[in-house]
Amino acid sequence: MAQTQQQQKLCFVSVGATAEFPALINTALSADFLSALQSQGYTELLVQYGEDGKDAFDGLMKQAQSGVESSGLKVSGFALDKAGLGRYMRRAKGGSKTMLPGVVVCHAGSGTILDALRTAVPTIVVPNSALLDNHQAELAEALSEQQYVIHGKLDNLGHALQEAEKLRQRQKEWPPVNAGMQRQGKGLKGILDEEMGFLD
Amino acid sequence: MAIILPLLVTITALLAAGIYYRLAFVLLDPKRNKPLRHGRRNPNEPTHLMIVLGSGGHTTEMLSMLTRCVQESDPAQKLHWNDYHHRTWVVSEGDNLSAARAKEFEEMASPLSTQEDLMAGKVRKATDIGPGTYEVVTVPRAREIHQPLLTSPLSSLTTMRACWDLLQKHTTKTREGHGGQAGEKDAPDLILVNGPATATIMVFTSILLRFFDVKGVSTRGKMRTVYVESWARVKRLSLSGKLLRRVVDRFLVQWPQVKREVGGRVEYLGVLVQ
């Protein structure tokens with residue numbers, strides 16, 4: 001009966017190493033989002049909640065218990081992984097015998113977004129509006145304009161999941177292939193050469 | 001006695017004019033002289049690259065850019081790491097992660113460069129400097145993450161002092177316009193930075209050294225500076241970017257929006273991180 005074993009579909013949520021973003025975890029464990037996951041065929045929700053986030057996560061898990069049980073999802077979390085998040089993002093990308101293609105939901109930290117772009121997994125970026133200097137929202141906006149990611153908002157994360165399915169069909173390559181003005185570009189190397197005065 | 005006041009005023013004015021002239025036309029002019037170089041790997045003209053890392057995101061972006069450069073498939077954009085005879089990596093005290101990542105990069109990039117040389121038949125023992133050397137050095141933190149702003153000028157001075165020493169760690173008794181003897185290490189030719197507070201202090205300290213032409217770093221065209229704004233900055237510059245915009249030799253951004261917004265000498269060459 002091995003071949004009838006159900007394939008898994010993972011939604012990986014990452015809030016970053018330091019900046020606390022309880023609102024994102026809260027939304028990810030809300031009944032609405034859990035049922036949206038269920039209706040999109042997800043089987044697993046994995047949350048990276050950051051340093052010192054364990055208590056908050058456990059508390060929210062307790063509150064969300066009934067919702068989690070009724071959704072039938074496997075929900076778990078961890079604080080950080082020193083080896084990086086690439087491993088989890090590749091699992092969310094899926095496309096193997098056991099894993100269906102899933103999704104990454106993350107804060108708008110540049111390191112996390114770059115990890116996701118390199119992995120080429122559909123990504124929903126949710127900027128933390130509680131941050132003072134909110135240049136992160138501009139990054140999320142600019143990237144979603146160019147259709148690299150989906151700019152998610154806390155109040156419509158369920159809808160963003162549907163968008164992610166569409167994004168999967170036209171997943172773009174990262175880093176951008178040399179095109180247009182970048183084709184003639186000299187790159188960082190060209191600048192360093194000029195400053196060094198290398199003539200060849 | 002009546003003559004003293006006008007005299008003081010005149011002297012002050014002349015001094016101010018002199019300082020302004022030196023800053024505006026000698027030190028901060030990107031067209032100022034560069035040393036003459038005969039080939040990339042001339043043992044008689046050793047080169048020295050300094051890279052300043054910061055914590056977390058800054059280190060990630062710096063190594064991401066450099067990794068992309070050394071692994072680039074387009075030969076015009078490919079960086080050969082061994083073109084730099086000596087590499088100094090600067091990390092903040094206690095930032096073991098950045099230090100480990102610098103080492104990891106060196107262990108990838110330098111052998112890669114060597115291997116490519118062998119395959120291209122480029123290595124000629126007499127005129128090549130081999131894989132070169134590198135060191136990872138630490139400076140005191142400019143500002144702890146939760147440090148009150150009030151005490152940060154003080155710790156910035158401590159950092160500055162460390163940068164001052166560090167920039168002079170390698171110098172040579174030298175002929176005008178040349179490096180030292182073969183294989184000798186000299187002051188950094190190029191300082192590559194991307195945003196952390198330590199990097200900002202390093203750049204300002206290098207300008208101070210050039211102002212007083214300590215060990216001839218100004219006349220010999222040492223310590224040119226390249227700043228890369230964070231990829232996360234789409235529309236506005238970071239604080240470091242604002243501080244360094246007018247004083248570095250090259251200022252690169254990674255979004256066309258911020259180039260339009262800031263203008264001036266700002267250059268946009270596409271996304272540099274990967």
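## Close-ups of a predicted two-chain model

**View 1. How chain B splits up, and where its two domains touch.** In chain B, domain 1 covers 1–30 and domain 2 covers 44–268. Where the two meet, domain 1 of chain B puts in eight residues and domain 2 of chain B puts in ten. Keep in mind while zooming in that this is a predicted model.

**View 2. What the domain–domain contact in chain B is made of.** About 760 Å² is buried between domain 1 of chain B and domain 2 of chain B, with carbon and sulfur atoms giving 57% of that area. Three residues to pick out here are L27(B), L28(B) and P30(B): together they supply 67% of the area that domain 1 of chain B buries against domain 2 of chain B, more than any other three residues. Sorted by class, the side of domain 1 of chain B that touches domain 2 of chain B has six nonpolar residues, two charged ones and no polar ones. If you go hunting for salt bridges between domain 1 of chain B and domain 2 of chain B, the count is zero. Polar contacts do turn up, with three residue pairs across this interface of domain 1 and domain 2 of chain B, both partners at pLDDT 80 or more.

**View 3. Chain A against chain B.** Here 35 residues of chain A are in contact with 45 residues of chain B. The area buried between chain A and chain B comes to about 3,700 Å², and carbon and sulfur atoms give 61% of it. On the chain A side, L188(A), E195(A) and M196(A) supply 21% of the area that chain A buries against chain B, more than any other three residues.

**View 4. Charged and polar pairs across the chain A–chain B interface.** There are six salt bridges between chain A and chain B. One worth a closer look joins the side chains of K235(B) and E141(A), at 4.0 Å from N to O. Eight residue pairs, both at pLDDT 80 or more, are in polar contact across the interface of chain A and chain B. Helices α6 (110–119), α7 (135–145) and α9 (187–196) of chain A each supply at least two residues of the side that touches chain B. The most comes from α9(A), with nine residues. By class, this side of chain A has 16 nonpolar, nine polar and ten charged residues.

**View 5. I201(B) and its surroundings.** I201(B) sits in helix α5 (residues 197–211) of chain B. Its relative accessible area is 12%, so I201(B) is buried, the cut-off being under 20%. Skipping neighbours within four places in sequence, the residues in contact with I201(B) are A142(B), S156(B), T159(B), M160(B) and C163(B).

**View 6. S240(B), with I201(B) for reference.** S240(B) belongs to helix α6 (residues 239–244) of chain B. S240(B) is buried, with a relative accessible area of 11%. Neighbours within four places in sequence aside, S240(B) is in contact with G195(B), P196(B), T200(B) and Y227(B). From C-alpha to C-alpha, I201(B) and S240(B) are 9.6 Å apart in space, and they are 39 residues apart in sequence.

**View 7. A loop residue, N82(B).** Look for N82(B) in the loop between α2 (57–71) and β2 (86–92) of chain B. N82(B) counts as buried, at 1% relative accessibility. To place N82(B) relative to L66(B), note that their C-alpha atoms are separated by 13 Å, with the two positions 16 residues apart along the chain counted as their separation.

Note on methods:
Residues are numbered from 1 along each chain as its sequence is written. Chains are lettered from A and ligands numbered from 1 in the order in which they are written. This is a predicted model: local features need pLDDT of at least 70, side-chain atom pairs count only at pLDDT 80 or more; totals for chains, interfaces and linings use all residues. Side-chain values use heavy atoms; hydrogens and water are left out. Domain bounds come from an automatic or database domain assignment. Contact means heavy atoms within 4.5 Å. Buried area is the accessible area (1.4 Å probe) that two parts lose on being put together, summed over both. A polar contact is a pair of N or O atoms within 3.5 Å; within protein, one must be able to donate a hydrogen and the other to accept it, and residues adjacent in sequence count only if both atoms are side-chain atoms. Ala, Val, Leu, Ile, Met, Phe, Trp, Tyr, Cys and Pro count as nonpolar, Asp, Glu, Lys and Arg as charged, and the others, Gly among them, as polar. Helices (H or I, at least four residues) and strands (E, at least two) are DSSP runs, numbered from the N terminus. Buried means under 20% relative accessible area, exposed over 50%, partly exposed in between (1.4 Å probe, protein chains only).
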